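Got the viewer open and a selection box ready? Here is a tour, stop by stop, with something to pick out at each one.

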Amino acid sequence: MKRLAAALLIALALAMVAGQFLLPARYDQQFRESTDALPGGDHPLGTDELGRDRAARLLAGARVSLLLAPAASVLAIALAAMLGLSAGWCGGWWDRAVTTLIDLMISVPIFLVLITARAVLPLNVSPISSVMITFLLLGLLGWAGSARVIRGACQTHLNSDYILRALASGSSRTRILFVHLLPNLWPVLRTQFILAVPGFILDEANLSLLGLGVAEPLPSLGSLLKELTHLPSSANWVGLAAPALLLALTVGAFEFLLPPKEGAS
Amino acid sequence: MRLLILLMAGTLLAADPVILKLCLRSEPKTFHPLKADEEASETIRFLTAGTLLRINRKTQLPEPSLAAKWKTADGGKTVKFELREGLQFSDGTPFTAADVVYTFQQVAAIRSGFTDSLRQGEATPVATVTGKHEVTVRFAELTPGWERLIDGLGMMSAKSPSGEKAVMGAFMVADHKPGQYIALGRNPHYWVRDAQGKALPKLDQIRLDITANRDLEMLRFKRGEVHMINKVEPDIYQALATQMPEAVRNAGVSFESEQLWFNQAGKAPIPAYKLEWFRSPVFRRAVSESIRRTDLAKIAMKGLAVPGVGPVSPGNTVWFNQKLTADAYAPTVALEKLKKAGFHKKSDGLYDAGGHRVEFSIVTNAGNKTRERLAAMIQADLGEIGIRVNVVTLDFPSLLERITRGFNYEACLLGFTNVDQDPNGQMNVWLSSGATHAWSPNQPKPETAWEAEIDKLMKAQARTVVLAKRKEMFDRVQAIVHKQAPFLYLVHKNVLTAVHPSVRNSLVTVLFPHVFSNAEQIELQGLGTYRSAR
Amino acid sequence: MATLVLTGLAAATLLRVAPGFDVEASELDGRTSAETLQQMRAARAGEQDILSFYGRYLQGALRGDLGKSRSYEVPVMGLIRERLPVTLRLIVLGLAGAWTLALLFALANVAWPGLNTGLNLLTAGMLSVPAGLVALLILIGQGPVALGLAIALFPKLFSYSRGLFQQNAAAGYALAARARGLSAGRYLGRYVVWPAGPSLLAILGLSVNAAFGGAILLETICDLPGVGQLALQAALARDLPLLVGMTLFVGALTVSANAVTDLASLYLVRSRSGQ
């Protein structure tokens, strides 16, 4: 299964890089004579309502989302790990401060922050900059939930037998942190990461309502998936479902490739 | 056995109330007839308010309503209304001339977009009782097209304990759950009778559900849970046309348009060289001629629109300047004109005389698929002459802030809805001192010669009631706007409505409201005939 | 409590500084004169200074008055009280469904590792589908909205639970217990599920928040008259009293949910280490 997953990801990477040369159409070319076309002939996945080739847009969108969302997830999980771990590890006032911050970030409607962020940004950013900034914001603002989970896991493990034994036998705190605690937190971190990737991809699309996210004519997987949230205007099921399928396969591949546990306790 | 049949007949006769169901896009901001400015409130007002006269939405001519007849005098500045006798408000309070006077007094006291349309300077029309059932209204200045203003003026009761809740229209507000629905019940004292002398309205209730989700509205419509859709989006219209062809009605070109304009405000925090482009009529016309309007109508609007011509749409047959046509697609001509103006096209784009790459952003409101399609198509079209366009979709308040307060935008793509048939309703758009003179509002004095000329013409046409003269002057305004292109008119949308087959007698009109202008006559099939005679 | 006050202040300030705070759609109406616009803007004067507004608002909140919504022109408390049952029902049913399915499937995965591939693909598929599509399918099929919420919450809850259970199952003493011939039921209960208690509780607290977020989306799309609809409306319409009221309310919900789960988790941890 692992080999299959790896092969899939490599094939996808190749397609994203080489695809733009192999496909006849660019992702922003509007073939206005053949809008909403069904798959066939020049357009293997059909065209969208402005006559743009869906296959080209799928690959372009994959390039954008599948590079930026994992990066944003790494950022978010790293922030969550730093704050959650330190809170669980140190306890005391630092724990209380971090918990307060986490609660604030969860309760305050984040899209207000994003509306203001959009107001501060210049209007003439290129589509790729716009989407990079969006994922950066998502990464910077999306760590709160994960931090809470990591903090909880940290606390659980700190009170577990093997750690208490290690402490009793005189191991230094640093050794406990790196040799005992972190490896046991790996499954939590891994799950968080795998869940964050599609989460951010879908969030980015919802942010277009606030002026962030990807800008025309650049597609993202999220913006392509958004088409599915309205009543279909064409019977092109293959073309409409392709982005969801691609994302599902990619997330599945991550799931198989990343080892579920890093060593034993 | 006979008893059983009688019982069954009895239950049939005591039928469930006949409820017509429609959806409103947003919560009405008010139920007060004089404060109703947006579509949701205006819908409520249309269905509940009684007015002195009513413009027949089909013939577009005024007809008597609460006033049995009227006579103008003093060159049109005075109107004497003869009121019908024996009428009552919805709570039984008698309707008298004093109520009309009271209503006009309220117009002076209340500030809203609607009362502003009756305001001339700071003065409002004054009404006085001049007979037992006679009221004379004196306008401060000549008000051409006053009939359509009076058509919207809902009469309020001076004496009723229910205040503005007492109405004289066919329906009255029976129930209201904020954010969910408004239920309008039959007005028991409605005075209009049908041809057979039976009391109107025929419906028991109109239920207005508040839902912004158009997909849900369409699903409900197909199931018969919603009976009419007043304004259908092109995508949904297209889908319904294939799935329920007998339900869709295309009433032809509306008065509305989608337009693009450039920011020409002096205080705009945009680079000076960009302001220079936007202020150049050559630049604006060149952009206009590089847009394929036929494609916009065909693809972005799904063929349910016509290419945009000017401030008045061809659907407004009374006021449209027949000599004008939509800008033809002529990019080579456009490029030539730009070259003469100092622009030059290099391999990677268009540059101005100062060496700046021609690049600007278009802001529009998010969530509107039609506008997003229009913007994407314009982006592609302008890309062909080397102009790089960035499309930014913003939430509506942020957008409003940029175009009315901070002026921190370069180009804007919006449509103006509820466009008045009469140009007087758009006075603040065309006057250079106007607050809604979108590209550069509130000018202390006209910034250009052509804006000064429009000012003159608009003020002049407001001073005469002779339609031919007014049209001549306004035709000139339309020609100037077409030439100078402060607004680039992209498309004029069709009036798209949907009426469920179970609805009888509904009239589909170009004028608002498009499907229920004769709400008191509408019936629902099958259920309506079981109502016992009254 | 202090967190709550801070949260409300943060929300109020963010709304105040966000663009479009005091603009009205009437500004685009061709009929409106400059004087009328002035008057309309003056109507929001009480909200211009955010600190004094918030001070007054809190005073009212302590009396149970959450202000009057600008979009709906009715008291916020009334709106919340009217709509709360709908949202609570949605959240409770959605969470119950999601958690039940998540725990069952996670346990099944531990018991029968062969299910791993299938469940991975199912989860990946469900994570790749926008919540809007789930909502749309519910609308088309006229299904219960709580089902949509359960579907939206399931993948994450399942992944967390399964991860925790698998980790516990792989622990040394768990394997030893299994080798000793402990019955499947007791093994799963004592060595797989029970140690995961504190973590599961932490996730439970979070899932309440996630459920509320999902409720906002589902209520908006499916037109359910719950408090979630209010939340979105408040931000998009810059309705300050409604937004602060909603934030305080949600904040109270979050803080209580997390406090409960923290306490329970602490109790579990203490009782465990006491073993």
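Two strands count as paired here if DSSP finds at least two bridges between them. Keep that in mind for the opening stop, and remember throughout that this is a predicted model.

**Stop one: a sheet in chain B**

Select strand β5 (residues 78-83) and strand β7 (residues 134-138) of chain B: they run antiparallel, with five bridges joining them. Put E82(B) in sticks and look across to β7(B), where E134(B) stands opposite.

Now widen the selection to the whole sheet. It is an open one of four strands in chain B, ordered β4-β5-β7-β6, with antiparallel pairing. At the edges you'll find β4 (67-73) and β6 (126-131) of chain B, each with a pairing partner on one side only. Sight along the sheet for its twist: on average, neighbouring strands are turned by 25 degrees against each other, ignoring direction.

What packs on this sheet? Show residues 97-109 of chain B: this is helix α3, and it touches β5, β6 and β7 of chain B. The direction of helix α3 makes about 170 degrees with that of β6(B).

Before moving off, zoom in on T136(B), which sits in strand β7 of chain B. Is T136(B) buried or exposed? It counts as buried because its relative accessibility is 13%, and the cut-off for buried is under 20%. Its side chain makes a polar contact with the side chain of T130(B), at 2.9 Å. Leaving aside residues up to four places away in sequence, T136(B) touches T78(B), V79(B), K80(B), V126(B), A127(B), T128(B) and T130(B).

**Stop two: where chains A and B meet**

Colour the two chains separately and select what touches: 26 residues of chain A are in contact with 34 residues of chain B. Together the two chains bury about 2300 Å², with 51% of that on carbon and sulfur atoms. On the chain A side, pick R32(A), L123(A) and N124(A): they lose the most area to chain B, and together make up 33% of what that side buries.

Stay on R32(A), whose side chain meets that of D295(B) in a salt bridge at 2.9 Å, N to O. Four salt bridges are found across this interface, and twelve residue pairs are in polar contact, both residues being at pLDDT 80 or more. For a view by element, show helix α4 (residues 110-120) of chain A: it gives the largest share of the side of chain A that touches chain B, three residues.

**Stop three: charged pairs**

Over all chains the structure holds 54 salt bridges, so here is a sampler. Go to R57(A) and D48(A), where the closest N and O atoms of the salt bridge are 3.6 Å apart. Both R57(A) and D48(A) are buried.

Next, select R31(C) and E42(B), whose side chains form a salt bridge at 3.7 Å, N to O. This pair crosses between chains: R31(C) is in the loop between α1 (2-17) and α2 (34-42) of chain C, while E42(B) is in helix α2 (residues 39-48) of chain B. Here too R31(C) is buried, and E42(B) as well.

Back in chain B, find R207(B) and D209(B), joined by a salt bridge with the closest N and O atoms 3.2 Å apart. How does each partner rate for exposure? R207(B) is partly exposed, at a relative accessible area of 26%, whereas D209(B) is buried, at 11%.

Then show E39(B), K231(B), E256(B), E258(B), R371(B) and K493(B) at once: salt bridges link them in a network.

**Stop four: backbone oddities**

Select the peptide bond from E216(A) to P217(A), which is cis, with omega near -5 degrees. P217(A) lies in the loop between α8 (173-206) and α9 (221-226) of chain A. In chain B, another cis peptide bond joins F512(B) and P513(B), with omega about -10 degrees. Look for P513(B) in the loop between β20 (503-504) and β21 (523-524) of chain B.

Which residues other than glycine have a positive phi? One of them is A485(B), with phi near 50 degrees, in the loop between α16 (467-484) and β19 (487-499) of chain B. A485(B) is buried, with a relative accessible area of 3%.

Finish in chain C at Q142(C), where phi is also near 50 degrees. Q142(C) is in the loop between α6 (131-141) and α7 (145-170) of chain C. It counts as exposed because its relative accessible area is 51%, and exposed means over 50%.

Technical notes
Residues are numbered from 1 along each chain as its sequence is written. Chains are lettered from A and ligands numbered from 1 in the order in which they are written. This is a predicted model: local features need pLDDT of at least 70, side-chain atom pairs count only at pLDDT 80 or more; totals for chains, interfaces and linings use all residues. Side-chain values use heavy atoms; hydrogens and water are left out. Helices (H or I, at least four residues) and strands (E, at least two) are DSSP runs, numbered from the N terminus. Axes are lines fitted to C-alpha atoms, for helices over the stretch in contact, and angles run from 0 to 180 degrees between N-to-C directions. Contact means heavy atoms within 4.5 Å. Buried means under 20% relative accessible area, exposed over 50%, partly exposed in between (1.4 Å probe, protein chains only). Buried area is the accessible area (1.4 Å probe) that two parts lose on being put together, summed over both. A polar contact is a pair of N or O atoms within 3.5 Å; within protein, one must be able to donate a hydrogen and the other to accept it, and residues adjacent in sequence count only if both atoms are side-chain atoms.
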